[in-house]
Amino acid sequence: MSSYALLSEGGNVDFMIKGLFSYDFFGHTVWITTSHVCILIVLLLIITFGIFANCSIRKAAKVPVSEMKTPGTFQNIAEIVVELLDNMVTSVMGKNAPKFANYVGTIFIFILISNLSGLLGLRPPTADYGTTLPLGIITFCLIFFNKIKYQKVSGFLKGLCDPWPIWAPINVIGDVAVPISLSLRLFANVLSGTVMMALFYGLLPIFVKVGIPAALHLYFDVFSGAIQTYVFCMLTMTYITDAIGES
């Protein structure tokens, strides 16, 4: 598979989503696109890492303390990832961190690997709004659920009317805008990087052999991808913490 194989068409790099094949489902034509394939690859990578990490930790737990050896490299990596994610969630959510560490850690890993998948020649799944919007909606549902759970219906309605009842429609729009802003911010930033790389490969192929794409991938896939992952998760934790309140 050549570089950016899932972005190419007839030798020219293309950043558009392509239908790979279709099938009939109850009279409707359903397409499997490059986004579906890339999401599947990302999920397989995450699941494979999780299985190996689980096996590594289970084997370590069976070794008596007196015979325990220095943890292997893979186990160290898995422990570092978990520790970093736990520290990140704890620093923002405090005592509420244990309840949401798994969710935040999961979306962090998924978004980060999706953003980095451009290094593997894939079209980042997060460059498809059909991927980022569900993430925003899930976060919105979690925010709304915790707001009702901790602030009760009375507290929720009081918040909508703050500071005056006339502001209620504006506050409703602000709440509804949360999943849209979360998803659009991630989608737009990742898509812009994908478009830039596609244009570079398609219009300036002569520079591909001199290493310039490596520097661009470092910025658009690694640096920008990591920043957007952190921003999405940080906003998620902030919104949830605000929904819980002082409870």
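**Why these labels?**

Modeller: Asn102 lies in helix H3. The model here is predicted.

Biologist: Why is Asn102 called exposed?

Modeller: Its relative accessibility is 65%. The label exposed needs over 50%. Asn102 passes that mark, so it counts as exposed.

Biologist: How far from Asn102 is Val82, C-alpha to C-alpha?

Modeller: The two C-alpha atoms are separated by 9.8 Å. Along the chain, Asn102 and Val82 are 20 residues apart.

Biologist: Helix H3 also holds Asn115. What makes Asn115 buried?

Modeller: Helix H3 covers residues 97-116, and Asn115 sits in that run. The relative accessible area of Asn115 is 2%. Buried means under 20%. The value falls under the cut-off, so Asn115 is buried.

Biologist: What does the side chain of Asn115 reach?

Modeller: It reaches the backbone oxygen of Gly225, at 3.0 Å. A polar contact allows up to 3.5 Å between N or O atoms, so this distance is within the limit.

Biologist: On to Thr132, in helix H4. How do you know that Thr132 is buried?

Modeller: Its relative accessibility is 0%. The cut-off is under 20%, so Thr132 counts as buried.

Biologist: Which backbone oxygen does the side chain of Thr132 reach?

Modeller: That of Ser183, at 3.3 Å. Set against the 3.5 Å limit for a polar contact, this distance is within range.

Biologist: Lys152 lies in helix H4 too. What is notable about the phi of Lys152?

Modeller: Phi of Lys152 is near 65 degrees. That is a positive value, in a residue other than glycine. Helix H4 spans residues 129-160.

Biologist: Which residues form the positive surface patch?

Modeller: Lys95, Lys99, Lys149 and Lys152 form it.

Biologist: What makes that patch positive?

Modeller: Lys counts as positive, and the four members are Lys residues, so the patch carries that label.

Biologist: Which residues make the nonpolar surface patch, and what is its area?

Modeller: Leu20, Phe21, Tyr23, Phe25 and Phe26 make it. The area is about 580 Å².

Biologist: Leu20 is placed in strand S3, residues 19-25. Why is Leu20 called partly exposed?

Modeller: Its relative accessibility is 41%. Buried is under 20% and exposed is over 50%. The value of Leu20 falls in between, so partly exposed is the label.

Biologist: Where is Phe26 found?

Modeller: In the loop between S3 and strand S4, which is 28-33. Phi of Phe26 is near 55 degrees, a positive value in a residue other than glycine.

Biologist: Why does Phe26 count as exposed?

Modeller: Its relative accessibility is 74%. The mark is over 50%, so Phe26 counts as exposed.

Biologist: Phe223 is in helix H6, residues 212-244. What makes Phe223 partly exposed?

Modeller: Its relative accessibility is 48%. Exposed needs over 50%, and buried needs under 20%. Phe223 meets neither condition, so it counts as partly exposed.

Biologist: How far apart are Phe223 and Leu116, in sequence and in space?

Modeller: They are 107 residues apart in sequence. From C-alpha to C-alpha, Phe223 and Leu116 are 9.4 Å apart in space.

Biologist: How many helices and strands are in the protein chain?

Modeller: Six helices and four strands. Along the sequence, the pattern is β-β-β-β-α-α-α-α-α-α.

Biologist: What share of the protein chain is made up of buried residues?

Modeller: Buried residues make up 34% of the 247 residues.

Key:
Residues are numbered from 1 along each chain as its sequence is written. This is a predicted model: local features need pLDDT of at least 70, side-chain atom pairs count only at pLDDT 80 or more; totals for chains, interfaces and linings use all residues. Side-chain values use heavy atoms; hydrogens and water are left out. Patches are made of residues with over 30% relative accessible area and no salt bridge: like charges are joined within 9 Å, nonpolar side chains (Val, Leu, Ile, Met, Phe, Trp, Tyr) within 5 Å. Accessible areas come from the Shrake-Rupley method with a 1.4 Å probe; for residues, only the protein chains shown count as cover. A salt bridge is a side-chain nitrogen of Lys or Arg within 4 Å of a carboxyl oxygen of Asp or Glu. Helices (H or I, at least four residues) and strands (E, at least two) are DSSP runs, numbered from the N terminus. Buried means under 20% relative accessible area, exposed over 50%, partly exposed in between (1.4 Å probe, protein chains only). The place of a charge is taken as NZ of Lys, CZ of Arg, CG of Asp or CD of Glu. A polar contact is a pair of N or O atoms within 3.5 Å; within protein, one must be able to donate a hydrogen and the other to accept it, and residues adjacent in sequence count only if both atoms are side-chain atoms.
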